[in-house]
Amino acid sequence: MSPLNGYLLLSALLFSIGLAGALTRRNAILVLIGIELMLNAANLNFIAFWRYGPNPAALTGIMFTIFSITIAAAEAAVGLGIILAVYRHTRSTDLDQMSSMKG
Amino acid sequence: MNLIFFILATLTIVGTAAAMSLRSAIHCILALTIGLVGLAALYLLLGAQFVGFTQILVYVGAVAILAVFAIMMTQGASAPTQPILSSSWLTGVSVAVAVFAVLAWAIHASASTQTAQPQPEVSVNQIGAALMHRFGLPLEIMGLLLTAALIGAVILAMPEKKETL
Amino acid sequence: MTPDTIDQIFVISKHLLLGYLPSSLQPVVSAILSVVPVLVVFPLLFAITTVLERKGLGRIQNRYGPNRVGPFGFSQPIADGIKSLTKEDIIPRNADQVVHFLAPLLLVLAAFLAYAVLPIGRNMVITNLNAGVLFFFAIGSMVELAVFMAGWSSRSKYSLLGAMRAVAQMISYEIPLVLASIVIIMVSGSLSTVDIVNLQAGYTSIWPHWFVFTPWGFAGFLLFMVAATAESNRSPFDLPEGESEIIAGYYIEYSGFKFALFFLGEYLGMFATSGLAITLFLGGWAAPFSFLTWIPSYFWFFAKLLVLIAVFIWIRGTFPRLRMDQLMNLAWKFMLPMSLLNIVTAGVWHFMPAGIVRWLVCIALLVAPCLLLSRLLKQGKKLQVRTYRFAE
């Protein structure tokens with residue numbers, strides 16, 4: 001198995017771990033963390049392809065990863081703000097209890 | 001190279017798997033930190049120094065701290081007593097396993113067309129030059145997006161003004 | 001022995017030692033030989049600083065410091081060390097055992113890792129990373145996580161409150177710290193600490209090229225030092241750990257060796273940030289005047305480090321402690337705009353032709369908003385002239 005395949009497999013495994021966490025945990029914050037893990041797996045993919053791809057001098061993989069890290073941080077901030085606002089309203093972060101749109 | 005890759009990969013997988021399956025939310029975040037540091041080490045192994053250090057600075061230094069603050073504010077320091085998995089967890093796990101199976105099959109079945117390449121040397125000057133010239137527009141849009149996220153997060157998290165009678 | 005040989009004595013002796021070894025062992029032994037001096041020298045400096053600080057604070061407060069243990073009290077660290085190591089290690093029953101154990105380890109690890117990119121002398125840096133300054137800040141951000149782990153794992157209200165306050169303070173002051181360094185990075189065009197020091201090592205007649213001797217460099221240095229004081233939780237920013245406020249804050253449940261590790265980590269962090277300030281603003285290992293370059297470079301680094309430590313001790317003995325909201329206001333409402341203005345001023349300096357006009361414009365660009373901001377921020381508070389009444 002070539003190094004690139006190893007990195008891609010690791011990235012796929014991280015993505016599915018993040019996906020499993022995002023789909024099964026009850027706490028809203030941990031679902032957000034699962035989403036962050038999925039973004040991280042995609043970043044690993046980008047860097048692996050930058051390193052083993054045809055044109056590393058174009059720096060596309062690194063640039064995309066930098067922008068992805070930035071956006072993920074901003075999204076985490078806004079997501080946690082939403083979770084805090086919902087907590088103030090319903091006093092709970094349990095996603096199973098927030099199954100109705102009625103306030 | 002292979003041994004280091006396996007050690008770091010194991011560290012990352014153990015950290016992230018623990019992050020998604022531990023009982024206490026704070027323990028999950030701390031395990032996630034281990035996984036993220038493992039990922040940063042993998043970036044360093046791949047030769048992307050700037051991205052590796054930025055990953056530690058942003059994710060470990062900011063996102064993890066933000067997550068622990070949010071957990072503190074929403075449930076305090078008490079240990080959780082209710083079940084941690086949602087009621088439809090079996091569907092979630094099977095979807096994740098299916099996704100992994102499809103991805104792994106795709107990786108395995110694709111032709112590997114690589115030649116052995118030397119480690120590309122990238123300096124921060126090149127990244128800076130690329131950010132200013134070729135990726136100037138995305139940089140500005142990122143600035144706008146971060147400003148919007150900052151203002152939005154502050155407004156969302158502000159306590160509501162109590163109506164005075 | 002020429003001055004050059006004395007200057008490079010450690011580098012030359014390391015190469016000599018490595019020449020005797022087979023080439024397979026050379027990288028490992030080279031790394032060990034680079035790292036062990038840092039692991040020995042900086043804890044020694046920590047020991048000396050503890051006694052210097054106590055004696056310095058004592059003199060500022062018109063009393064002797066510790067003067068019993070050795071000659072003028074300078075063996076006090078040995079006594080402190082024996083006390084810390086032999087105290088009983090009490091762990092609260094409710095505490096989270098694993099996290100409680102790991103928190104001081106992570107703190108000391110992060111503090112030691114930061115020394116890897118500081119150039120202590122000419123050609124004497126552990127590793128010349130391309131993104132050295134970024135590495136330093138990334139490692140510094142791990143300290144906040146260690147502080148939170150310490151406070152949360154003790155499961156005590158005081159420690160949790162102290163940890164939240166400490167982390168809030170550290171993340172608030174990280175921004176002016178990084179922005180003040182961005183000015184230097186902008187001007188020198190590189191994130192590598194070795195390049196930044198090499199740029200400052202020249203002389204015009206006898207005057208050095210240090211960045212602190214420019215308006216934006218001086219303002220950046222002041223901002224960096226204030227932010228560094230707050231990052232290391234030192235007075236006047238030590239509300240999260242002040243003894244009269246919160247009874248030691250986040251390390252309240254630690255005793256014995258782990259408490260000593262926290263103490264060590266905090267002081268090492270202070271030395272590391274001072275080391276970075278010296279590298280970025282004060283010219284690293286470069287001598288102040290061109291006729292003093294015969295003194296070895298590592299001597300100058302440690303001399304500047306000792307001066308900065310003395311300034312830290314002086315500030316601790318002089319200023320009262322800041323309240324939490326005063327601290328946060330200072331970071332977000334004063335230091336953040338000043339750092340952004342500093343970046344603009346550095347840009348103006350770069351594009352104006354050299355001469356007295358450039359100095360006047362940049363000084364005006366920095367001083368006028370500083371005065372305006374401080375007046376504006378005092379507006380809402382009703383402050384009166386302070387009067388003193390002494391007890392009769």
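These are my notebook entries on what I looked up in this predicted model.

**Entry 1: chain A on its own**

I began with the elements of chain A. I found three helices and zero strands, so to speak a plain α-α-α order when read from the N terminus. Next I checked how chain A is spread out in space. Its C-alpha atoms fill a box of roughly 55 × 25 × 15 Å along the principal axes. I also looked up the radius of gyration, and it is 17 Å for chain A, while a compact globule of 103 residues would come out near 13 Å.

How much of chain A is buried? I noted 53% of its 103 residues as buried. For contacts, I kept to those in chain A with a separation of 6 or more, and 51% of them join residues 24 or more positions apart.

**Entry 2: where chain A meets chain B**

Then I turned to the contact between chains A and B. Here 58 residues of chain A are in contact with 66 residues of chain B. Which helices of chain A supply at least two residues each to this side? I wrote down helix H1 (3–24), helix H2 (28–52) and helix H3 (60–90). H3(A) gives the most, with 20 residues. Sorted by class, the side of chain A that touches chain B has 40 nonpolar, 13 polar and five charged residues.

**Entry 3: A:Leu59**

I stopped at A:Leu59 to look at its backbone. It has a positive phi of about 60 degrees, although it is not a glycine. I located A:Leu59 in the loop between H2 and H3 of chain A. Is A:Leu59 buried or exposed? I counted 21 other C-beta atoms within 10 Å, and the cut-off for buried is 20 or more, so A:Leu59 is buried.

**Entry 4: C:Asn233**

I went to chain C for another positive phi. C:Asn233 has phi near 55 degrees, and this residue is not glycine either. Where does C:Asn233 sit? I found it in the loop between helix H9 (215–231) and helix H10 (243–246) of chain C. C:Asn233 counts as buried because it has 25 C-beta neighbours inside 10 Å.

**Entry 5: where chain B meets chain C**

Back to the chains as partners. How many residues does each chain put into the contact between B and C? I read 17 residues from chain B and 21 residues from chain C. On the chain B side, the elements that give two or more residues are helix H2 (25–45) and helix H3 (49–75). H3(B) has the largest share there, 11 residues. By class, I noted 13 nonpolar and four polar residues on this side of chain B, and no charged ones.

**Entry 6: B:Met72 and the domains of chain B**

Staying with helix H3 of chain B, I picked out B:Met72, which lies in it. B:Met72 has 18 C-beta neighbours inside 10 Å, so I put it down as partly exposed. I then checked how far B:Met72 is from B:Pro118. The two are 46 residues apart in sequence, and their C-alpha atoms are 47 Å apart in space.

Last, I looked at how chain B is divided. I noted domain 1 (1–75) and domain 2 (127–156). The C-alpha centres of these two domains of chain B lie 24 Å apart.

Note on methods. Residues are numbered from 1 along each chain as its sequence is written. Chains are lettered from A and ligands numbered from 1 in the order in which they are written. This is a predicted model: local features need pLDDT of at least 70, side-chain atom pairs count only at pLDDT 80 or more; totals for chains, interfaces and linings use all residues. Two residues are in contact if their C-beta atoms, placed from the backbone, lie within 7 Å. Helices (H or I, at least four residues) and strands (E, at least two) are DSSP runs, numbered from the N terminus. Ala, Val, Leu, Ile, Met, Phe, Trp, Tyr, Cys and Pro count as nonpolar, Asp, Glu, Lys and Arg as charged, and the others, Gly among them, as polar. A residue is buried if 20 or more other C-beta atoms lie within 10 Å of its own, exposed if 12 or fewer, and partly exposed in between; C-beta atoms are placed from the backbone. Domain bounds come from an automatic or database domain assignment. The radius of gyration is taken over C-alpha atoms; the globule rule is 2.2 Å times the number of residues to the power 0.38.
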